[in-house]
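I am opening these notes for a reader who has not met this structure before. I want to look up what is packed inside, what lies on the surface, and how one polar residue is held.

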Amino acid sequence: MIKRSVFAIIVAAGSGNRCPGPRAKQFLELQGKPIYIWSVKAFQETPCVDGIIVVGPGDDDDALLEMQTLTKTFPKVIKVVAGGNCRTESVSNGIAALRSNCEISKNDPVLIHDGVRPLITPELISQVADQVSPNSIAIPTTTPTATVKKIVGQTITETINRETTGLAQTPQGVPWALLRKAITHWHNHPGVIITDEGSLFENLPAEKREEITMMNVPGDADNLKITFPKDLNRAEAILSEREKLQKNIPDTSYKPRMATGFGYDVHAFAPNRKLILGGVEIPHPFGLDGHSDADVLIHALVDAILGAIGEGDIGHHFPDHDPAHKNRCSLDFLEKTILLVKQRGFYLEAADITVVAEQPKLKPYIQEIKIRLQQSIALPCQLNIKATTSEGLGFTGRREGIAAYAVATVTAT
Ligand code: MG
């Protein structure tokens, strides 16, 4: 797949006369930072975003200068440019800046964001970018929580099914070529009031809109547009809440001096398969069913080792939908896991494995299995392997499959 570049235009050019104060609302402070800076920060922190254009007020040189200084610490900010007399003119100036400063291809998504939506998250930005294609633009919306009425003059004429309505948010994502087409059309047909990129696109004549879909992306109720002074208080509260959640995330950097992991696995018997346990082929009329060689003993052991080093589970490291793992010898998984143990700065001290099977009897093979596992682990460790039955009870008792349990202990190196 060819890599797409994703660009953002953050529009912070408005005068904000509904939010009275000495300065336009995008410059009011939220937890000590101007409102628009929070948006710049979110786009900076979104991995898929490659470059950001910030559009500031066209009639305030001091404000523009200040924006240029404050955005210097964000490496993805390409340029701060002056806006126009209305939102669309400001977007148009942002587009001009993109054209002259970036290498941008016709299908690259451009995300246009209101600088007064400071609570935008990198997650929503990525979701919008993902939905932009040559044939689709992407708009995040939230469903109104109250009953929605249609009003004509002073009369309510009908109740609108709110499930079929959405409150549009930003960023809105448009492929570069379509955005340029829509803005050129707007320039050539002045006088139309455009409030977002969705309506900029709707303003195009029908034949130019053919085959383009406006994709709805579930928005975020916290992605507030700061319009009135009270919105700032709500934004402060949401930010504090987010900070609190952040602090409660467990410390994943902690490394124990010693740790134990537990593993469990089951595979069903299947005809026309070899029975492989601990890397050893065991004569039996049935083998075990699975994507790899279905070596239930090694799978339980790998899960126990991964558990001990805090590395999730076997499905995460060796997914069973990966064609590379089809009929794969599970000793490979064990060897890769041992490498991971080393990389994480641990040493596998001991493992204890119990295999539960009614048939076949495994005792004669235990020594061979031990040697085979020891060869793959390639470092001295205490290995213990036990075989048991479940006394005729359950699925192992009914000879439908084999289960294995394992614990593994590692120490820090
Ligand atoms: Mg398995």
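**Notebook: core, patch and one asparagine**

I looked first for the largest nonpolar core in this predicted model, and I found that it has 46 residues, with Leu277, Leu297, Leu334, Leu373 and Ile402 having the most contacts inside it. The elements that give two or more residues to this core are strands 13, 17, 18 and 19 together with helices 9, 11 and 12, and the largest share, 10 residues, comes from helix 9 (296-308). I noted that, in soluble globular proteins, nonpolar side chains tend to be buried together.

I then followed leucine 277, which, leaving aside its neighbours within four places in sequence, is in contact with Ile282, Leu288, Asp295, Val296, Leu297, Leu362, Ile369 and Ile402.

Turning to the surface, I found a nonpolar patch of about 500 Å², made by Phe262, Tyr264, Val266, Phe395, Tyr405 and Val407. Strand 13 and strand 19 each give two or more residues to the patch, and the largest share, 3 residues, comes from strand 13. Tyrosine 264 lies in strand 13, and I recorded it as partly exposed because its relative accessibility is 37%.

Last, I asked whether asparagine 223 is buried or exposed. Asparagine 223 lies in the loop between strand 12 and helix 8, and it counts as buried because its relative accessibility is 1%. Its side chain makes a polar contact of 3.1 Å with the side chain of glutamine 169, and the side chain of asparagine 223 also reaches the backbone oxygen of threonine 170 at 2.9 Å. Leaving aside neighbours within four places in sequence, the residues in contact with asparagine 223 include His113, Arg117 and Leu119.

Definitions and conventions
Residues are numbered from 1 along each chain as its sequence is written. This is a predicted model: local features need pLDDT of at least 70, side-chain atom pairs count only at pLDDT 80 or more; totals for chains, interfaces and linings use all residues. Side-chain values use heavy atoms; hydrogens and water are left out. A nonpolar core is a set of buried Ala, Val, Leu, Ile, Met, Phe, Trp, Tyr and Cys residues joined through side-chain atoms within 4.5 Å. Buried means under 20% relative accessible area, exposed over 50%, partly exposed in between (1.4 Å probe, protein chains only). Helices (H or I, at least four residues) and strands (E, at least two) are DSSP runs, numbered from the N terminus. Contact means heavy atoms within 4.5 Å. Patches are made of residues with over 30% relative accessible area and no salt bridge: like charges are joined within 9 Å, nonpolar side chains (Val, Leu, Ile, Met, Phe, Trp, Tyr) within 5 Å. Accessible areas come from the Shrake-Rupley method with a 1.4 Å probe; for residues, only the protein chains shown count as cover. A salt bridge is a side-chain nitrogen of Lys or Arg within 4 Å of a carboxyl oxygen of Asp or Glu. A polar contact is a pair of N or O atoms within 3.5 Å; within protein, one must be able to donate a hydrogen and the other to accept it, and residues adjacent in sequence count only if both atoms are side-chain atoms.
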